[in-house]
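Colleague: Could you pick a single part of this model and take me through it closely? I'd like one connected account rather than a list.

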Amino acid sequence: MESQPHSQQRTAKVIAFANQKGGVAKTTTALNLAVAFQETGHRVLCVDMDPQGNLTMSQGIDPDTVEESMYDVLVHDMPIRQVIRKREIDVACASIDLAGAEIAMSAKIGRERSLQKALNVVAEDYDFVCIDTPPSLGLLTINALTAAHKVIVPVQCEYLSMRGLIQLQNTLQMIRENLNPDVEIEGILPTLMDTRTVHAKEAIEILEENFGDRVFASRIRKTIRFAEAPVKGMSVLKYEPNGVAAQSYRDLAQELLAKPSMGGVPIVVPTTTDQEVAAPHVQ
Ligand SMILES: Nc1ncnc2c1ncn2[C@@H]1O[C@H](COP(=O)(O)OP(=O)(O)OP(=O)(O)O)[C@@H](O)[C@H]1O
Ligand SMILES: [Mg+2]
């Protein structure tokens, strides 16, 4: 068996966060999971593929004043390193003009693969690339799904928002047939959970009936901290490091890192030997 490659030689695992429904915590999940990965010593890039630029803003960067952005990467093949800014994690920024990228790319040959091509160049620089997508299944999301190894689908715990998953699955099937045969849903993440309501519990039951163990064991509860942190240009892990909100994304990171499908990033839990326990405590 081959030995585990050193982290410097590893190729990034690319995860897209997608759901065509708006406001289900795609951006919140992409950013906070990315920061949780970073906390465990991984090198992480976030790519903001949403013209709303919420992820970019959540790291304190104003998409209205960004001059070089993912627009240039996708439309003009600008090297992605040129649009990466270093914040809590590295961010490949969106700008307001990303809204025009779908039309600008429409006549381009290989338009679905622009992001994949751009990411190939930095694949050795990162352990994880987290791509935030807009609430639609247009060319920007198709680029993300084509570049991705895995898809994480945040879902609000409501019956109606779960119906949209079928449409996402159909799009993924089309992507697999034409562009990226191996892309798959890594997991479905129940978000914005109001643990007090029966409806939220029922919604999770329906999710589990339909998607079985593809529903993550981690759940993200509703708390105002998630709305507060982006205003300060921070992840919740930085905004309130010891809070429940931060912990929920750390738990999700651990759940993912433990999966064999996330390959090559084992968690090393230090074991305590009897000898160490018996050793005298030196200050
Ligand atoms: N667990 C949570 N509890 C409370 N509020 C949350 C939670 N997660 C996200 N939010 C808030 O809900 C709103 C929508 O979240 P977010 O922007 O992450 O969703 P989205 O799916 O990326 O939306 P869009 O489709 O518009 O891109 C934001 O104001 C965010 O701060
Ligand atoms: Mg978003």
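Modeller: Here is a walk through the sheet, its central strands and what packs around them.

This is a predicted model, so local features need pLDDT of at least 70 and side-chain atom pairs count only at pLDDT 80 or more, while totals for chains, interfaces and linings use all residues. Residues are numbered from 1 along each chain as its sequence is written, and chains are lettered from A and ligands numbered from 1 in the order in which they are written.

First, the setting. The protein has 13 helices and 7 strands (DSSP runs numbered from the N terminus: H or I of at least four residues for helices, E of at least two for strands). Of its 283 residues, 42% are buried (20 or more other C-beta atoms within 10 Å of a residue's own; 12 or fewer is exposed, in between is partly exposed, and C-beta atoms are placed from the backbone). Among contacts with a separation of 6 or more, 77% are between residues 24 or more positions apart (a contact means C-beta atoms, placed from the backbone, within 7 Å).

Now the sheet. Its 7 strands run in the order 3-4-2-5-1-6-7, giving an open sheet with mixed pairing (strands pair if DSSP finds at least two bridges between them). Strand 3 (84–86) and strand 7 (184–191) are at the edges with a single partner strand each, so each has one side without a neighbour in the sheet. From one strand to the next the twist averages 25 degrees (angles run from 0 to 180 degrees between N-to-C directions, with axes fitted to C-alpha atoms, for helices over the stretch in contact).

Strand 1 (residues 13–17) is a good place to start. It runs parallel to strand 5 (residues 128–132), and 5 bridges join the two. Along that pairing, lysine 13 sits opposite phenylalanine 128, and alanine 16 sits opposite isoleucine 131. Strand 1 also runs parallel to strand 6, with 3 bridges between them; there, isoleucine 15 has lysine 150 as its bridge partner. 5 of the 5 residues of strand 1 are buried, so the strand is largely enclosed by the rest of the structure. Lys13, Ile15 and Phe17 point one way, Val14 and Ala16 point the other, and all are buried, the lysine included.

Moving outward, strand 6 and strand 7 run parallel and share 7 bridges, one of them pairing isoleucine 152 with glycine 187. Strand 7 may be an edge strand, but 6 of its 8 residues are buried. In the loop between strand 7 and helix 9 (198–211) comes leucine 192. Most residues other than glycine have a negative phi. Leucine 192 has a positive one, near 50 degrees, and counts as buried because it has 20 C-beta neighbours inside 10 Å. Aspartate 77, in the loop between helix 3 (70–76) and strand 3, has a positive phi too, near 55 degrees, but this residue is exposed, with 12 other C-beta atoms within 10 Å.

Next, the helices on the sheet. Helix 6 (residues 139–147) lies across strand 1, strand 5 and strand 6, at about 150 degrees to strand 1. 9 of the 9 residues of helix 6 are buried, so helix 6 is largely enclosed by the rest of the structure; among them are Leu139, Ile142, Asn143 and Thr146.

Helix 1 packs on the sheet as well, touching strand 1, strand 2 (44–48), strand 5, strand 6 (150–156) and strand 7, and its direction makes about 165 degrees with that of strand 5. Helix 1 (residues 26–39) also meets helix 12 (residues 244–257): their axes come within 8 Å and cross at roughly 65 degrees. The two are therefore roughly perpendicular (65 to 115 degrees; under 35 is roughly parallel, over 145 roughly antiparallel, the rest oblique). Asn32, Leu33, Ala36 and Phe37 from helix 1 contact Tyr249, Arg250, Leu252 and Ala253 from helix 12. That makes 6 nonpolar, 1 polar and 1 charged residue (nonpolar: Ala, Val, Leu, Ile, Met, Phe, Trp, Tyr, Cys and Pro; charged: Asp, Glu, Lys and Arg; polar: the others, Gly among them).

Note on methods: Two residues are in contact if their C-beta atoms, placed from the backbone, lie within 7 Å.
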